[in-house]
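Open the model in your viewer and keep the selection tool handy. We will make a few stops together.

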Amino acid sequence: MNTPVRHAPNDFFPVVENELQVGGMPLSRLAERVGGTPFYAYDRRLISERVARLRAALPKEIHLHYAIKANPMPAVVQHLAGLVDGFDVASGGELKTVLDTVMSPGQISFAGPGKSERELRQAIAAGIVINIESPRELERIAAIASATGTRPQVAVRVNPDFELKSSGMKMGGGPKQFGIDAERVPDVLAHMRALPVEFYGFHIFSGSQNLKAEAIMEAQRNTLDLARRLAEHAPAPVRLLNLGGGFGIPYFPGEQPLDLAEVGEHLAGLMPDARRDFPQAEFVIELGRYLVGEAGVYVSRVVDQKESRGQVFLVTDGGLHHHLAASGNFGQVVRKNYPVVVGNRVEPDGEVLSASAVGPLCTPLDLLGDRMNLGHAQVGDLIVVFQSGAYGLTASPTAFLGHPVPVEVLV
Ligand SMILES: *Cc1c(COP(=O)(O)O)cnc(C)c1O
């Protein structure tokens, strides 16, 4: 017999009397408190626990940064401001969000291609570290520095000459729009000596959404080696060495969580040499989804239930306009289901029945769960998508079809 491949179990949100508890209360009560569906809820306790687990697993000299594009909700960012060591932003809008927190500007860095003149000026005025993405961007920063009599701190974002293997998203190695190719960095560093900027360090980010400890360990080893080679050309000592991140979370059936202990031990083994070779450096790991992804749920309500040629459809008031990633349309090649449950009726009383959860949009792409064990849901029940704390609302086309934007709460 074929056993179906299952999702990793929901370890984060307790179930009491067959109802999911979110933020310490039954989900149906939280829905009342929020004032309706659909909504996103992020659990601050889970975010804090995740940071604590990372601190325990990683060597103590590793600084933990949050890449806020994963979830820029201001309350989430405020919460993380008291937990992590720095923030990484990728736009002027994100910069505003982090400058509203207690984080000191020296612990904020700004990466991303195509920074506008206005964004560069804002970043320089704020006194944050700018990760340069091209030689032209460096010239533009130098011109603003001359005009304003400032000396901005810049780090070079390097497009490495290796890849993070088995990554959900490769962001380094080969031709990329991110960073400066490793082989061209020495020339850029030589040129930097003549400019009114302060060399701060390197940002080497090779990929994202990786569940394989070995691949991450190999990338970290390669990153340190590359930084050693490049540092020989640097105009000043390396003070910031951003080793990237890429820690993934399990979304789909059969995926297993990352072995964090293994990554931590390996990194600890690399640190003595790293400290010797970069005595003035702060070592940074920047994470997005690993900090917040598993702490969030997306909740919608069943408004209709229908059957079509043997298949049951639960039509909900939420969908791809709020949660593009769960619909399978945010970079997935083959559509797979996120973990989805009926939140107020987790296990069926009787037989396990199949149903698909869909949204109200007039497109067959509007699918939250394709033929899952949801057939016991009734109209009025709450459909919960797990692993929704990252790349949810702000990664979705909320204007599509003109429905209201859902509420987000930090509980
Ligand atoms: C998107 C991004 C991140 C966060 O990626 P996650 O997969 O959410 O951890 C970190 N650093 C950079 C440079 C990014 O572009």
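The tour begins at the ligand and ends at a sheet.

A word on the source: this is a predicted model, where local features need pLDDT of at least 70, side-chain atom pairs count only at pLDDT 80 or more, and totals for chains, interfaces and linings use all residues. Residues are numbered from 1 along each chain as its sequence is written, and side-chain values use heavy atoms, with hydrogens and water left out.

**The ligand shell.** Select the ligand and the residues with a heavy atom within 4 Å of it. You should find 13 residues, the closest being Lys69, Ser208, Glu286, Arg289 and Tyr391. By class, the shell holds five nonpolar, four polar and four charged residues; here Ala, Val, Leu, Ile, Met, Phe, Trp, Tyr, Cys and Pro count as nonpolar, Asp, Glu, Lys and Arg as charged, and the others, Gly among them, as polar.

**Polar contacts.** Next, look for pairs of N or O atoms within 3.5 Å. Ser208 places a polar side-chain atom 2.4 Å from a ligand oxygen. The backbone takes part too: an N or O atom of Gly288 lies 2.9 Å from an oxygen of the ligand, and one of Arg289 lies 2.8 Å from a ligand oxygen. Taken alone, the ligand exposes 390 Å², and the protein buries 93% of that (Shrake-Rupley method, 1.4 Å probe).

**The sheet.** Now select residues 19-22, strand β2 (strands are DSSP runs of E, at least two residues). Two bridges join β2 to β3, and the two run antiparallel. Val22 stands opposite Met25 in β3.

Conventions
A polar contact is a pair of N or O atoms within 3.5 Å; within protein, one must be able to donate a hydrogen and the other to accept it, and residues adjacent in sequence count only if both atoms are side-chain atoms. Two strands pair if DSSP finds at least two bridges between them. Helices (H or I, at least four residues) and strands (E, at least two) are DSSP runs, numbered from the N terminus.
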